[in-house]
Amino acid sequence: MRNTTRRAGLGALGVVAALALTACGGGSDDQAGSTGSGSSGDGGLTPVKLQLQWLTQAQFSGYYAALDQGYYEDEGLDVEIIPSGGDIVPQDALANGEVDYAVAWVPKVLGSIEQGADITNVAQIFERSATLQVSFADAGIDSVADLEGKKIGSWGYGNEWELFAGLNKAGVTDFEIVQQAFDMNAFLAGDIDAAQAMTYNEYAQLLETEDPETGELYQPDDFSVIDWNDEGTAMLQDAIWADAGRLADDAEYADTTVAFLKATLKGWMYARDNPQEAADIVTAAGSTLGTSHQLWMTNEVNKLIWPSTSGGIGLVDEAAWDATVEMALQTSNETGATIITADPPETAYTNEYVQQALDELTADGEDVEGADFAPLEVELQPGGN
Amino acid sequence: MTTGVAGPGVAEAGDAAVVAPSAAALAPAARRSRALPAPVRALRPVALGVAALVLLAALWELVKAVVPEDGWSVGELRVLPRTTDLAMPHVTEMLARLGEPLTSQPGADPLWLAVLRAGGTSLRIAAVSWVIGVVVGFGLALLMTRFRVARSAVLPLVVLSQTVPLIALAPLVKGWGSKLELGFTWEPWMSVAVIASYLAFFPVAVGALRGLTSPDTLHRELFAGYAASWTQELVRLRLPASVPHLLPALRLAATSAVLGVVVAEVSTGMPGGIGRMILEFANFASSDPAKPWAPIFGAVLLGLVASGAVALLGTALRRFRRAEVAA
């Protein structure tokens with residue numbers, strides 16, 4: 001009697017364990033499906049891992065388009081795109097050798113390089129900055145100087161440097177920094193006077209929200225926007241980073257870098273010429289952003305890249321680089337700290353590989369500058385749907 | 001019978017928290033209801049659960065109706081939250097949103113289905129974490145029961161392990177995983193499972209240790225008098241005696257595993273699960289206020305399912321659930 005019961009108990013434990021293990025098999029299949037092809041190369045493809053700096057969204061549409069359209073495969077690459085979450089720092093993942101390439105903002109990485117990360121900017125994808133400081137039109141914040149004495153929203157974590165560069169430049173010293181969440185509720189509720197917003201995401205969130213006074217969606221006229229590109233304190237944002245040590249020693253990795261850049265840039269050109277398709281590709285890759293929001297993001301990101309004034313997508317513009325470095329040296333945040341204390345090493349960026357990729361693309365007859373680029377007029381729906 | 005004689009396994013202070021809920025959990029479900037017919041008895045907990053949910057919804061609406069839109073502040077400090085439709089959507093709106101499609105993309109799933117799918121992914125990972133946590137926790141407890149030295153050395157480390165914040169742990173585990181040469185690809189979900197099992201093993205280690213060391217000195221001396229081997233003592237005395245302590249620990253481990261999976265998904269950005277959905281939907285808190293609540297409901301459901309599954313396990317081990325401990 002006693003024995004049978006005990007066996008039944010052990011049996012139950014066994015069943016639970018077996019269920020869990022079979023379930024785990026199922027889970028792994030699902031994951032393989034949603035993160036693209038696995039890292040084990042087949043058919044002689046070179047496995048490549050790309051670490052993004054946030055969740056799957058149209059901010060990265062060029063990479064997803066290159067994957068979906070088979071551009072990576074054409075270059076002999078088996079690319080796995082790895083989205084990031086709250087605590088994954090792309091440049092750290094790259095410096096630790098977990099991935100082959102990473103997408104990250106230049107000022108953030110400059111700090112990591114000073115801390116010893118041996119990585120290099122091989123392609124500056126976004127030429128312009130997308131960071132805005134948004135306030136209600138009737139709040140009277142029309143210039144950086146008007147931020148004096150205001151409650152200023154910022155996400156922190158290295159996203160605040162353009163704001164501080166702007167404040168420093170305008171000589172604004174009396175202000176309160178409010179930690180901002182992923183949504184705009186604190187701004188809409190009046191806890192924040194001027195909120196941080198990316199043109200391609202949070203600004204769209206505002207325009208997808210119903211104005212309780214009119215019952216209609218908020219309109220661009222309802223807001224006053226400070227654009228750091230206009231204020232002269234824009235810093236370089238999304239760039240592709242590679243392992244500087246491997247580039248120097250490993251000829252194969254150097255070749256892979258050119259091939260990877262060539263396919264990636266082609267993906268961005270696809271997103272430029274087919275924004276709706278690119279947005280749909282990102283949604284199919286697992287993003288749950290609404291349809292109009294996704295297209296808005298694709299379109300706004302295109303505006304950051306096209307037309308390229310640096311001679312072609314991905315080329316690091318020396319003046320812009322120097323300006324970002326200068327601001328990283330000079331700008332102090334509310335604690336008095338600066339991003340870096342000395343000039344970054346020569347290896348912090350290189351145009352060598354992206355130039356090769358551009359030459360090959362130009363030889364193929366591709367338009368790498370997009371001088372004729374005309375953005376869409378995207379109509380946002382309530383909730384971004 | 002109580003552990004009146006202080007054996008070598010005197011409870012550590014921390015154990016109390018683990019064992020305390022056991023009394024309530026172990027008390028045979030309301031004996032007085034035996035008079036009711038069986039189907040009614042079976043439905044009773046369900047009815048109570050539904051009643052609690054309705055009460056919670058009513059309370060939510062009451063707060064919305066009574067507290068002013070701007071919340072309630074004492075000086076600068078807001079003690080009650082804002083009650084605008086943005087901050088606290090109506091219950092009906094949140095439920096209605098569940099029935100609407102995820103996005104306007106043609107062929108998009110309704111929100112409730114997307115949440116259930118994500119919940120299924122997270123639950124599978126949580127099950128793996130739970131098994132790892134139970135195996136590791138129980139193994140450690142056995143080690144600590146067998147060797148006094150191990151107990152002195154390992155127990156402080158076990159307690160210390162829980163002070164490491166997940167934020168620090170997540171990138172480390174993800175980094176190690178990608179560098180391991182195991183003959184298979186280290187998938188993102190494995191990092192999540194490892195991180196969650198790190199939370200899940202703790203209650204099991206502490207609860208099992210408490211249980212395995214719970215037999216009275218009298219009983220252990222009886223086994224010693226029969227010259228029983230340690231294995232015999234373990235199988236016939238310690239393991240059965242550990243069950244009342246183990247079951248609540250297993251249930252705690254299940255909820256820890258779920259919590260760990262959700263947090264680790266947010267932390268590592270693993271796609272497909274409920275944690276990632278919470279992070280992703282946070283985007284819509286302003287423009288679609290009811291939407292971010294859907295994955296939160298999903299996470300609650302996940303915790304209930306996980307702890308319910310472990311409760312089922314408890315019925316299989318009912319034979320050993322005599323209240324040996326008057327806690």
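# Notebook: a predicted two-chain model

**Confidence, chain B.** I started with chain B of this predicted model. Its average pLDDT is 83, and 87% of the residues score at least 70. Next I went through the elements of chain B to see where the extremes sit. Helix H1 (residues 15–26) of chain B has the lowest mean pLDDT, at 43, while helix H4 (residues 111–146) of chain B has the highest, at 95. I also looked up the start of the chain: over residues 1–30 of chain B the pLDDT stays under 50, and the model has 45 contacts beyond four places in sequence for that stretch. Note to self: where pLDDT is low, the predicted coordinates should not be read in detail.

**Confidence, chain A and the complex.** Chain A averages a pLDDT of 88, with 89% of the residues at 70 or above. Here too I checked the beginning: residues 1–41 of chain A have a pLDDT below 50, and the stretch has 56 contacts in the model beyond near neighbours in sequence. For the complex, I wrote down the predictor's ipTM of 0.75 and pTM of 0.81.

**What the record says.** I pulled up the UniProt annotation for chain A, which comes from an unreviewed entry. It reads "domain: SsuA/THI5-like" and covers residues 58–278 of chain A. I then looked at that range in the model: the chain there is 38% helix and 20% strand, and the end C-alpha atoms are 8 Å apart.

**The five-stranded sheet in chain A.** In what order do the strands of the open sheet run? I read S2-S1-S3-S10-S4 (chain A), with mixed pairing. Strand S2 (77–82) and strand S4 (119–123) of chain A each have a single partner strand and stand at the edges, so one side of each has no neighbour in the sheet. The twist from one strand to the next averages 30°.

I zoomed in on one pair. Strand S1 (residues 46–51) of chain A runs parallel to S2(A), and six bridges join them. Within that pair, Leu50(A) stands opposite Ile81(A) in S2(A).

Then I turned to the helices that go with the sheet. Helix H5 (residues 106–114) of chain A packs on the sheet and touches strand S3 (101–104), S4 and strand S10 (239–243) of chain A. The direction of H5(A) makes about 155° with that of S4(A). Helix H11 (residues 251–273) of chain A lies across S1, S2, S3, S4 and S10 of chain A, and runs at about 70° to S2(A).

**Domains of chain A.** I looked up the split next: domain 1 of chain A takes 46–127 + 235–384, and domain 2 takes 131–231. Their C-alpha centres lie 25 Å apart. The contact between them takes 21 residues from domain 1 of chain A and 16 residues from domain 2 of chain A.

Which helices supply the domain 1 side of chain A that touches domain 2 with at least two residues each? I found H5 and helix H13 (291–305) of chain A there. H13(A) gives the most to that side, with five residues. By residue type, the domain 1 side divides into 10 nonpolar, eight polar and three charged. I noted that H5(A) turns up twice in these entries, once packing on the sheet and once on the side that touches domain 2 of chain A.

**Backbone oddities in chain A.** I went through the backbone torsions. The peptide bond from Trp306(A) to Pro307(A) is cis, with omega near -10°. Pro307(A) lies in the loop between H13 and helix H14 (318–330) of chain A. Tyr157(A) is not a glycine, yet has a positive phi of about 55°. I located Tyr157(A) in the loop between strand S6 (151–154) and helix H6 (161–170) of chain A.

**Back to chain B.** The domain assignment gives domain 1 of chain B as 38–68 + 78–88 and domain 2 as 103–320. The C-alpha centres of these two lie 28 Å apart.

My last stop was a hairpin. Strand S1 (residues 72–74) and strand S2 (residues 77–80) of chain B run antiparallel and are joined by three bridges. Val74(B) stands opposite Leu77(B) in S2(B). Two residues sit between the strands, and Gly75(B) in the turn has a positive phi of about 65°.

Key:
Residues numbered from 1 in each chain as written. Chains lettered and ligands numbered in written order. Predicted model: local features only at pLDDT ≥ 70, side-chain atom pairs only at ≥ 80, totals over all residues. UniProt positions renumbered as here; feature names shortened; annotations may be inferred. Helix = DSSP H or I, 4+ residues; strand = E, 2+ residues; numbered from the N terminus. pLDDT = per-residue confidence, 0-100. Contact = placed C-beta atoms within 7 Å. Pairing = 2+ DSSP bridges. Axes fitted to C-alpha atoms, helices over the stretch in contact; angles between N-to-C directions. Domains from an automatic or database assignment. Nonpolar A, V, L, I, M, F, W, Y, C, P; charged D, E, K, R; others polar.
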